[in-house]
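Visitor: I am new to this structure and would like a close look at a single part of it. Could you take me to one strand and show me what lies around it?

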Amino acid sequence: DVLRKMLRYVQSYKEQEDSYTVQWVVKGDKELHTSYFRARNVYDALDKLYYGRDRNTITVFSVVLNPVS
């Protein structure tokens with residue numbers, strides 16, 4: 001019973017949030033970073049990227065909604 005409840009929770013969680021890929025760089029650095037987030041929309045994905053960071057030190061190059069498999 002617990003496993004069925006857990007499966008329902010995971011399935012409903014995946015339906016509520018989409019998968020996003022964010023490419024970004026720290027200002028003054030040349031290394032491109034790629035991060036992956038589950039979020040309700042683009043703004044939530046960016047909020048997760050910026051969490052605990054100074055927004056003025058990051059340049060975002062792209063935010064992509066990943067296809068559903």
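Guide: Happily! Please keep in mind that this is a predicted model. Let us settle on strand β1, which covers residues 18-26. To place it, follow the chain from the N terminus: its elements run α-β-β-α-β, for a total of 2 helices and 3 strands.

Now look at the partners of β1. Strand β2, residues 33-39, pairs with β1 in the antiparallel sense, over 7 bridges. Strand β3, residues 58-65, is antiparallel to β1 as well, and this pairing also has 7 bridges. A good residue to rest your eyes on is T21: its bridge partner in β2 is Y36, while in β3 its bridge partner is V64.

Next, move to the hairpin of β1 and β2, where 6 residues sit between the strands. Here you will find G28, which takes a positive phi near 90 degrees.

Finally, step back to see the chain that holds this strand. Its C-alpha atoms fill a box of roughly 55 × 25 × 20 Å along the principal axes. The radius of gyration is 15 Å, well over the 11 Å that the globule rule gives for 69 residues, so the chain is more spread out than a compact globule. Buried residues account for 22% of the 69. Of the contacts between residues at least 6 apart in sequence, 47% join residues at least 24 apart. As for the surface, the chain exposes about 5600 Å², with carbon and sulfur atoms supplying 54% of that area.

Note on methods
Residues numbered from 1 in each chain as written. Predicted model: local features only at pLDDT ≥ 70, side-chain atom pairs only at ≥ 80, totals over all residues. Heavy atoms only, no water. Helix = DSSP H or I, 4+ residues; strand = E, 2+ residues; numbered from the N terminus. Rg over C-alpha atoms; globule rule 2.2 N^0.38 Å. Buried < 20%, exposed > 50% of the residue type's maximum accessible area, 1.4 Å probe, protein only. Contact = heavy atoms within 4.5 Å. Areas by Shrake-Rupley, 256 points an atom, 1.4 Å probe, with all protein chains shown as cover. Pairing = 2+ DSSP bridges.
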